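Here is a short set of exercises to work through with a structure viewer open. Try each task on your own before reading the solution below it.

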Amino acid sequence: KVLDRDLYVRRAHLAFQDAKGHVVSWPWEIEIAAQFLHTGRSQIQMTDEGLHLGEILIPYSDRKKARVNYRMELDEIDQIPFWKVYEEGIPEEAVRDKILIFAATSHLLHDYYHTPFGLMPGVMINLNLLANFLNGDFIRKAPVFWEAPLFFLFFFLSAYLSFHYDVLRSSIFFAILTAVVAVISFLLFF
C-alpha cells in the first residue's frame, strides 16, 4: 500500500525491486491473479507501458505503481469469522470456486487506511486491487489529445455565456456545461 501525501491509499506497488531495479518478488495480488488466470511467472513482465499479466496490461500510474479502482467495501464480501472456522470448519459450499483470503479486519490491529471511500481495512485494499487485476478494471487517464480541446471548449463557452447573459442564465448554462464535461470525461475513461 502506497500512502499519498495526504495519507490516503490510492496506489499500490506492482513489483518489489532491489536497489538495481531488478524484480525481487511480485505482490501477492499479482501472484494470486496469475494463478487464477493460469498465467506462468514467465508471462509476468514489466515494460514501459505497464505490467503484462499474461494477456492483461496493467497500466502504470506513476513510478511503476497502479491506481486502485475501489469497487467494493468490507460489508459487500462474504466473511467467515475465525472462531467459526476453528469450531465448525469451513463449509465446502461456502468456498467452492472462490478465492479464499485469510485476514484480520479488527480495528484493534490498526490495519485500517484512509481511502477515497473512507476508512478501510488493509485487506480490502488488497482485494480491490486483486479484483482490478482479475477483471481488467483499471483507472486510466483520459488521452492528452482530449484534455486541451475540452479545457478550451469549456473555457470559451463559460466566457461567452457569462458575457452574453445575465448571472442566473449563465450560472444555469455553466452548471449544464459542467455536467456535460463531467459525463464526457467519465466516458473517456471507459
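**Exercise 1. A salt bridge with aspartate 78**

Which side chain meets aspartate 78 in a salt bridge? Find the partner, place both residues along the chain, and classify their accessibility.

*Solution.* Keep in mind from the start that this is a predicted model.

- Step 1: The partner is lysine 98, with an N to O distance of 3.2 Å. The cut-off for a salt bridge is 4 Å, so the pair qualifies.
- Step 2: This salt bridge links distant parts of the chain, 20 residues apart. Aspartate 78 lies in the loop between strand 8 and helix 2, while lysine 98 lies in the loop between helix 3 (92-95) and strand 9 (112-115).
- Step 3: Aspartate 78 counts as exposed because its relative accessibility is 69%, and the cut-off for exposed is over 50%. Lysine 98 has 44% and therefore counts as partly exposed.

**Exercise 2. Other salt bridges**

How many salt bridges does a search of the whole structure find? Go through the pairs formed by arginine 71 and arginine 96, then look for a network.

*Solution.*

- Step 1: The search of the whole structure gives seven salt bridges.
- Step 2: Arginine 71 meets aspartate 137 in a salt bridge, at 2.8 Å from N to O. The two residues are 66 residues apart, with arginine 71 in the loop between strand 8 (65-67) and helix 2 (82-88), and aspartate 137 in the loop between helix 4 (122-135) and helix 5 (144-164).
- Step 3: Now compare the two ends. Aspartate 137 is buried because its relative accessible area is 18%, whereas arginine 71, at 48%, counts as partly exposed.
- Step 4: Arginine 96 forms a salt bridge with glutamate 92, and their closest N and O atoms are 3.3 Å apart. Here glutamate 92 is exposed at 53%, and arginine 96 is partly exposed at 47%.
- Step 5: One network, built from salt bridges that share partners, joins Asp4, Asp6, Arg10 and Arg11.

**Exercise 3. The two largest pockets**

What is the volume of the largest pocket, and which residues line the second largest pocket? Describe each lining by its elements and residue classes.

*Solution.*

- Step 1: The volume of the largest pocket is about 880 Å³.
- Step 2: Its lining has 26 residues, and those nearest the centre are Ile77, Asp78, Gln79, Ile99 and Ile101. You met Asp78 in Exercise 1, as the salt-bridge partner of lysine 98.
- Step 3: Helix 2, helix 3 and helix 4 each give at least two residues to this lining. Helix 4 has the largest share, with seven residues.
- Step 4: Sorted by class, the lining of the largest pocket has 21 nonpolar, three polar and two charged residues.
- Step 5: The second largest pocket has a volume of about 170 Å³. Its lining consists of Ile58, Pro59, Tyr60, Ser61, Ala66, Arg67, Phe138, Ile139, Arg140 and Lys141.
- Step 6: Strand 7 (56-59) and strand 8 each supply at least two residues of this second lining. Its classes are six nonpolar, one polar and three charged.

**Exercise 4. Strand pairing**

In what order do the strands of the open three-stranded sheet lie? Trace the pairing, then turn to the hairpin of strand 9 and strand 10.

*Solution.*

- Step 1: The order is 5-6-7, with antiparallel pairing. Strand 5 (44-46) and strand 7 are the edge strands, each pairing on one side only. From one strand to the next, the twist averages 20 degrees.
- Step 2: Strand 5 and strand 6 (residues 50-53) are joined by three bridges, and glutamine 45 has histidine 52 as its bridge partner.
- Step 3: Strand 6 pairs with strand 7 over four bridges, where leucine 51 has isoleucine 58 as its partner. Their hairpin has two residues between the strands, and glycine 54 takes a positive phi near 65 degrees there.
- Step 4: Side chains alternate along strand 7: Ile56 and Ile58 point to one face and are buried, while Leu57 and Pro59 point to the other and are not. Ile58 and Pro59 also belong to the lining of the second largest pocket.
- Step 5: Strand 9 and strand 10 (residues 118-121) run antiparallel and are joined by four bridges. They form a hairpin with two residues between them, and histidine 114 stands opposite leucine 119.

Key: Residues are numbered from 1 along each chain as its sequence is written. This is a predicted model: local features need pLDDT of at least 70, side-chain atom pairs count only at pLDDT 80 or more; totals for chains, interfaces and linings use all residues. Side-chain values use heavy atoms; hydrogens and water are left out. Buried means under 20% relative accessible area, exposed over 50%, partly exposed in between (1.4 Å probe, protein chains only). On a 1 Å grid over the protein atoms alone, a cavity is a set of points where a 1.4 Å probe fits but cannot get out, and a pocket is an open set with protein on both sides within 12 Å along at least five of seven lines; lining residues have an atom within 4 Å of a point. Grid points are joined across faces, edges and corners, and a volume is the space filled by probe spheres set on the points. Ala, Val, Leu, Ile, Met, Phe, Trp, Tyr, Cys and Pro count as nonpolar, Asp, Glu, Lys and Arg as charged, and the others, Gly among them, as polar. Two strands pair if DSSP finds at least two bridges between them. Axes are lines fitted to C-alpha atoms, for helices over the stretch in contact, and angles run from 0 to 180 degrees between N-to-C directions.
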